[in-house]
Amino acid sequence: MEDLSLHILDIVENSMDAGATKVEIRIKEDKGADRLTLEVKDNGYGMDKDILKRASDCFFTAKPGKRFGFGIPFLMQAARECDGNFSINSAPNRGTSISASFKRSHIDIKPLGDMGSTMTVLICGHPEIDYLLLYEKNGFSYCLDTEKLKADLGGVPINTPGVLRLIKEDVNEALGTLAKQLG
Ligand SMILES: Nc1ncnc2c1ncn2[C@@H]1O[C@H](COP(=O)(O)OP(=O)(O)OP(=O)(O)O)[C@@H](O)[C@H]1O
Ligand SMILES: [Mg+2]
């Protein structure tokens, strides 16, 4: 996978499969600590102990008709290749939280990529889900809260093409500006 936004897309798709109605995506860059952390948290049906143990094995999937599951193992591998850590917290009916960290200056770290497109693909696929994207960098932050946005749109569906285009532009402009300003 070429960039981190595609890993995030895969991980959030798991949340959708788990029937989540709320998904939080937190991306935190800390220049001083030389760390980039991703966290995806959902309120889906969660995993029991047995599934939790096997979730990071690429030979395990709960999807019928499939033999492999790559979303979690690929993100875990990407984090470990960059001197990072990976963890999953999950319990039945308590939701799931997946966290991956990376050494920011590691030569193999992937770029964050097109988070604007990732968000629009997610919203387009499941407009009924409330997504919170929080990007933090050295004390500055950007937040996209679709629950709030839906209220502000006053009945205009969030998945109309014009709204999706604006979301994509807003996310990419904000993240790009923070990246440029803060290095
Ligand atoms: N957020 C989640 N909530 C509940 N179960 C999850 C969640 N994320 C992963 N799982 C469980 O872990 C398994 C492995 O996930 P993973 O993303 O690695 O593979 P997959 O989704 O099965 O297949 P792929 O991602 O390759 O399409 C899933 O099949 C599911 O059983
Ligand atoms: Mg998956």
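Asparagine 93 counts as exposed, because 8 C-beta neighbours lie inside 10 Å and a residue with 12 or fewer is classed that way. The model in which this residue sits is a predicted one. The place of asparagine 93 is the loop between β3 and β4. Asparagine 93 is not a glycine, yet its phi is positive, about 60 degrees. The two strands on either side form a hairpin with five residues between them, and this hairpin is a convenient way into the sheet.

The strands β3 and β4 run antiparallel and are joined by five bridges. Within this pair, asparagine 89 stands opposite serine 97 in β4. The sheet as a whole is open and has six strands, in the order β3-β4-β2-β1-β5-β6, with mixed pairing. The edges are taken by β3 (86–90) and β6 (140–145), each of which has a single partner strand, so each has one side without a neighbour in the sheet. On average, neighbouring strands of the sheet are turned by 10 degrees against each other, direction ignored.

One helix that packs on this sheet is α1, which touches β1 (22–30), β2 (35–42) and β4 (96–103). The direction of α1 makes about 20 degrees with that of β2. The helix has 14 residues, and the distance from its first C-alpha to its last is 20 Å, close to the 20 Å expected at 1.5 Å a residue. Its buried residues are Leu4, Ser5, His7, Ile8, Leu9, Ile11, Val12, Asn14 and Ser15. Among the elements that cover them are β1, β2 and β4, together with the helices α3 and α4 (115–125). After α1 comes glycine 19, with a positive phi near 75 degrees.

From β4, the order of the sheet leads to β2. These two strands run antiparallel, with eight bridges between them, and glutamate 39 stands opposite serine 99 in β4. The residues of β2 fall on two faces. Leu36, Leu38, Val40 and Asp42 make up the covered face, while Arg35, Thr37, Glu39 and Lys41 make up the uncovered one. Glutamate 39, the partner of serine 99, thus has its place on the uncovered face.

On its other side β2 pairs with β1, again in the antiparallel sense and over eight bridges. Aspartate 30 stands opposite arginine 35 in β2. The two strands form a hairpin with four residues between them, and aspartate 34 in the turn has a positive phi of about 55 degrees. Further along the order come β5 and β6. Strand β5 (residues 130–137) pairs with β6 in the antiparallel sense over six bridges, and in this pair leucine 134 stands opposite cysteine 143 in β6.

What surrounds a residue inside β4? Phenylalanine 102 is found in that strand. This residue is buried, because 25 other C-beta atoms lie within 10 Å and 20 or more are enough for that class. Leaving aside residues up to four places away in sequence, phenylalanine 102 touches Leu36, Ala79, Cys82, Gly84 and Ile109. Of these, Leu36 belongs to the covered face of β2. Alanine 79 is 23 residues from phenylalanine 102 in sequence, but their C-alpha atoms are 5.3 Å apart in space.

The loop between α3 and β3 holds aspartate 83. Like asparagine 93, aspartate 83 has a positive phi without being a glycine, here about 50 degrees. Aspartate 83 counts as partly exposed, because it has 15 C-beta neighbours inside 10 Å.

The remaining part of the picture is the ligand. Ligand 1 is surrounded by 19 residues, and the closest are Asn14, Thr61, Ala62, Gly69 and Gly71. Two of the helices, α1 (4–17) and α3 (71–81), each supply at least two residues of this shell. Asn14, one of the closest residues, is also among the buried residues of α1. By type, the residues of the shell divide into eight nonpolar, eight polar and three charged. The helix α1 therefore appears in two settings: it packs on the sheet, and it supplies residues to the shell around ligand 1.

Key: Residues numbered from 1 in each chain as written. Chains lettered and ligands numbered in written order. Predicted model: local features only at pLDDT ≥ 70, side-chain atom pairs only at ≥ 80, totals over all residues. Near = placed C-beta within 6 Å. Nonpolar A, V, L, I, M, F, W, Y, C, P; charged D, E, K, R; others polar. Pairing = 2+ DSSP bridges. Axes fitted to C-alpha atoms, helices over the stretch in contact; angles between N-to-C directions. Contact = placed C-beta atoms within 7 Å. Expected span 1.5 Å × (residues − 1).
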